[in-house]
Amino acid sequence: MTCKEDSECQEYHYCNKRGLCEHKPFFPLSQTEIFTYIGIMIICGLANTGGFGSSVLVNPILYLVLKYRISYAALMCHVFVFGGSLGTFITHLKVKDRYGHPIICYEIASTILPLMIMGATIGVIVNRILPDILVLVGLTMLLMMVTCNLFDKLKKTLEKESRTIKVEKSEQAESEQASLVQNQNIEVQSQTNGMPTQLMSPSYGTDVDVNEEFTLPEDKSMFPLSKNALVILHVILLILLKLIQGSERFSSLIGIKFCGSVYWILMMNNILLALVIFEASFRLSINRYKRRIDSNHPFEKAPLIEPQRCSKLNLLAFSTGIICGALGIGGGLTLGTVLLELGYSPRRAAATAVYTVVFVSFASLSISVANGFLELDHVICLFILSFVGGYIVSCILNYFTHKYKRQSLILGTIFVIVLFGVILAPIFGIYIFVEGKKDVFRFGSFC
């Protein structure tokens, strides 16, 4: 928009030397901006604690409240998602299950992440072709399905927790009654024998530190490189290949033409790389599973790659990647739902989902920063905000989940966030369509 003075530009914009309206720098912040960023920080923390990337909620706020361009707001979401997910991920590093295994299923994540990336590569192509109205309807339907599924899971979890609490209270009352009778008998016996009265405190057994006894060496590290090396390698190679390949929005480092023959060859290389990484990760995970069986160490079967689950899990991961790429959302939300369906606890499902979000969002953010699409002050400030929000909110939620032994707190958080997404996503999409006066029924072309 052309201008001659600042008053001709919309809020949070100024007239630059070229006579164009441009968004103001990050600093100084107005009162509205301060409260808005604090709200976004809390949203990022809640969303990432549940393994949900938060872009569905943050993008409309950046566009409608802070008046950023829709394309720039989408890029800023990469910073929020990466910072929030990293802060949440760090809080999960020290968390172990009853056998001393990490709460994050590294075996699962390292196996399905390549399949999700491969599916997302195909899904992005589908997204460019589909009419905008189909993408919006598909996104709304997906969020509604996830919301209904989460509500059902939340209801069952609350009922299970209520039954468990009743049983524990009943057992505690019986134990206290038995202890009281035992102490009274001892007191009577002591008085009968002329011995001094000595009340014995009730004994409920000794807590065994099973973590130390049954933990395998590879599980003692907070971030085992043996389980994460292939994931890190995949992300690095993916970033390099994408920078070499280029896209419609940024030029290739070596001058490859967008949609040219070499471009599609590199696109196929991305898919082949994902297949190679998947095969290697899958074999390593199966070997770890067999090693645990042979070692006679007790373990929870859910965190591991069981042969009977592999086909279903791999198909779901690949399908999730395609759906998320086609609808323009991250995979954390759908992955967490898939893991819940496969029997994982809400906390383990959320922790594993947010682990995958860290790597995927880092790859997207790295490409955006390398091509100069984001202002450096925005990247630094927004990363700090989202990281602090993710870390603090996750610590608080994990504390109450552990203290009251209620996994439903995590499920409830995810449910509320997704419910807001169901309401906000279609409204925001329709607003964009009306404002942009786009032909939402027209099919597009990738090239």
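A nonpolar patch here means a group of Val, Leu, Ile, Met, Phe, Trp or Tyr residues, each with over 30% relative accessible area and no salt bridge, whose side chains are joined within 5 Å. In this predicted model, one such patch covers about 1100 Å² of the surface. Its members are Ile90, Leu376, Ile380, Ile384, Val388, Tyr391, Ile392, Ile396, Tyr399, Phe400, Tyr404 and Leu409. Helix α12, spanning residues 376-404, is the biggest contributor, giving ten residues to the patch. The regular spacing of many of these numbers fits a general point about helices: an α-helix has 3.6 residues a turn, so residues three or four places apart point the same way. Leu376 is one of the patch residues and sits in α12. With a relative accessibility of 59%, Leu376 counts as exposed, because the cut-off for that label is over 50%.

Next comes helix α13, which runs from residue 408 to residue 436. Its 29 residues reach 41 Å from the first C-alpha to the last, close to the 42 Å expected at 1.5 Å a residue. That said, α13 does bend, by about 25° at Leu424, and a proline, Pro426, follows within four residues. Thr413 is also part of α13, and at 13% relative accessibility it counts as buried, since buried means under 20%. The side chain of Thr413 places a polar atom 2.8 Å from the backbone oxygen of Leu409, and Leu409 is itself a member of the nonpolar patch.

On to the charged pairs: the model has six salt bridges. In one of them, Glu248 pairs with Arg128, with the closest N and O atoms 2.6 Å apart. This pair ties together distant parts of the chain, as Glu248 is in the loop between α7 and α8 while Arg128 is in helix α4 (residues 106-129), 120 residues away. Arg128 is partly exposed, at a relative accessible area of 28%.

Another salt bridge joins Glu161 to Arg406, and here the closest N and O atoms are 2.9 Å apart. Again distant parts of the chain are linked: Glu161 belongs to helix α5 (residues 132-192), Arg406 to the loop between α12 and α13, and the two positions lie 245 residues apart in numbering. The two partners differ in cover, with Glu161 buried at a relative accessible area of 8% and Arg406 partly exposed at 24%.

A more local example is the salt bridge between Arg283 and Glu279, whose closest N and O atoms are 2.8 Å apart. Both residues are in helix α8, and because they are four residues apart there, about one helical turn separates them. Arg283 counts as exposed at 53% relative accessibility, whereas Glu279, at 33%, counts as partly exposed.

Helix α8 (residues 261-295) also holds Ile277, which is buried with a relative accessible area of 6%. The C-alpha of Ile277 is 6.9 Å from that of His234, although the two residues are 43 apart in sequence. His234 is among the buried residues of α7, along with Lys227, Asn228, Val231, Val235, Leu238, Ile239, Leu241, Leu243 and Gln245. The length of α7 is as expected: its 21 residues should span 30 Å at 1.5 Å a residue, and its end C-alpha atoms are 29 Å apart, which agrees. After α7 comes Gly246, with a positive phi near 75°.

A few backbone details are worth a look. Most residues other than glycine have a negative phi, and most peptide bonds are trans. Tyr12 departs from that pattern, with a positive phi of about 70°. Tyr12 lies in the segment before β1 (13-15) and is buried, its relative accessible area being 11%. Lys67 is another non-glycine residue with a positive phi, near 65°. Its place is in the loop between α2 (55-64) and α3 (70-92), where Lys67 is partly exposed with a relative accessible area of 25%. Finally, the peptide bond from Phe27 to Pro28 is cis, with omega near -5°, and Pro28 falls in the loop between β2 (21-23) and α1 (31-49).

Terms used: Residues numbered from 1 in each chain as written. Predicted model: local features only at pLDDT ≥ 70, side-chain atom pairs only at ≥ 80, totals over all residues. Heavy atoms only, no water. Expected span 1.5 Å × (residues − 1). Bend = angle between axes of the 7 residues up to and from the residue. Patch = residues over 30% accessible without salt bridge, like charges linked within 9 Å, V, L, I, M, F, W, Y side chains within 5 Å. Areas by Shrake-Rupley, 256 points an atom, 1.4 Å probe, with all protein chains shown as cover. Salt bridge = Lys/Arg side-chain N within 4 Å of Asp/Glu carboxyl O. Buried < 20%, exposed > 50% of the residue type's maximum accessible area, 1.4 Å probe, protein only. Polar contact = N/O pair within 3.5 Å; in protein donor to acceptor, adjacent residues only side chain to side chain.
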